[in-house]
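Hi,

Here is the structure I promised to pass on. Have a look at it first, and then read my notes below.

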Amino acid sequence: VVKLSTSATGSVVVGEMLADALTVSNTNDSTLKLESTDTALGVNEVIGQINFYANDSSTNATGNKAWIKAYSEAISGDKAALSFATSDATSATGIERFRINADGSSVFSGSATMDGLTVDGGSANNDSAAVAGKFNANGNEHIRLEISTDSTIGNQAALDFISNSITSRLSTTGSGGLVTSVNGSKRMAIATNGDISFYEDT
């Protein structure tokens, strides 16, 4: 007895009824598997993808309006990333908005170029950012947030504003104070007791 088949149009048929939904059910582990049989994956080749297709009659309302995609990041195929897409009224197809890279870092975006907020988890045991955020636009970095063990910022946190190659930094100190600097030169410091110090070039 045929329990599952596909129609000529590609629709899933359960028994003699067209399925309105696909359910994966198991008492122990319900798993839906998307498998690529490609034995030589290249960069950006799709491993598996779920498309959310709409058929609304409105303008830009028919098509893969959203999708979730797993793809290879390396020529060897040993690095896999995951991306998510949505679309507004200006596009009939999904545009990548959020990406989880193979190394675990994440990128949030408002455009296909992935300019936006980048969150990169590093190691808190090294002189590198434990948490870092970057706001990019038109290919340029404008705001950077670091929570770091880097001794140059007092093993605390720093917020950078970048404009025309000038970096203005607001950072905490190891003792809990605040420091402002421009291109590495300290300009003002606020101690935990409220004392304020000003600095100028010598």
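**Surface patch and salt bridges**

Ile 50 is partly exposed, because its relative accessible area is 37% and partly exposed covers the range between under 20% and over 50%. Please keep in mind that this is a predicted model.

Ile 50 lies in strand S4, which runs over residues 46-55. On the surface, Ile 50 joins Val 24, Leu 32, Leu 34 and Phe 52 in making a nonpolar patch of about 450 Å².

Now to the charged side chains. In general, side chains of opposite charge can pair when their charged atoms come close. How many salt bridges does a search of the whole structure find? The search gives three.

- Lys 33 and Glu 35 form one of them through their side chains, at 3.5 Å from N to O. Both Lys 33 and Glu 35 are exposed.
- Arg 99 pairs with Glu 96, with 2.9 Å from N to O. Is Glu 96 buried or exposed? Glu 96 is buried, since its relative accessible area is 13% and the cut-off for buried is under 20%.
- Asp 160 and Arg 169 make a salt bridge with an N to O distance of 2.7 Å. Asp 160 has a relative accessibility of 1%, so Asp 160 counts as buried too.

If you open the model in your viewer, the patch around Ile 50 and the salt bridge between Asp 160 and Arg 169 are the places I would show you to begin with.

Happy to talk any of this through whenever it suits you.

Best wishes

Notes: Residues are numbered from 1 along each chain as its sequence is written. This is a predicted model: local features need pLDDT of at least 70, side-chain atom pairs count only at pLDDT 80 or more; totals for chains, interfaces and linings use all residues. Side-chain values use heavy atoms; hydrogens and water are left out. Patches are made of residues with over 30% relative accessible area and no salt bridge: like charges are joined within 9 Å, nonpolar side chains (Val, Leu, Ile, Met, Phe, Trp, Tyr) within 5 Å. Accessible areas come from the Shrake-Rupley method with a 1.4 Å probe; for residues, only the protein chains shown count as cover. A salt bridge is a side-chain nitrogen of Lys or Arg within 4 Å of a carboxyl oxygen of Asp or Glu. Helices (H or I, at least four residues) and strands (E, at least two) are DSSP runs, numbered from the N terminus. Buried means under 20% relative accessible area, exposed over 50%, partly exposed in between (1.4 Å probe, protein chains only).
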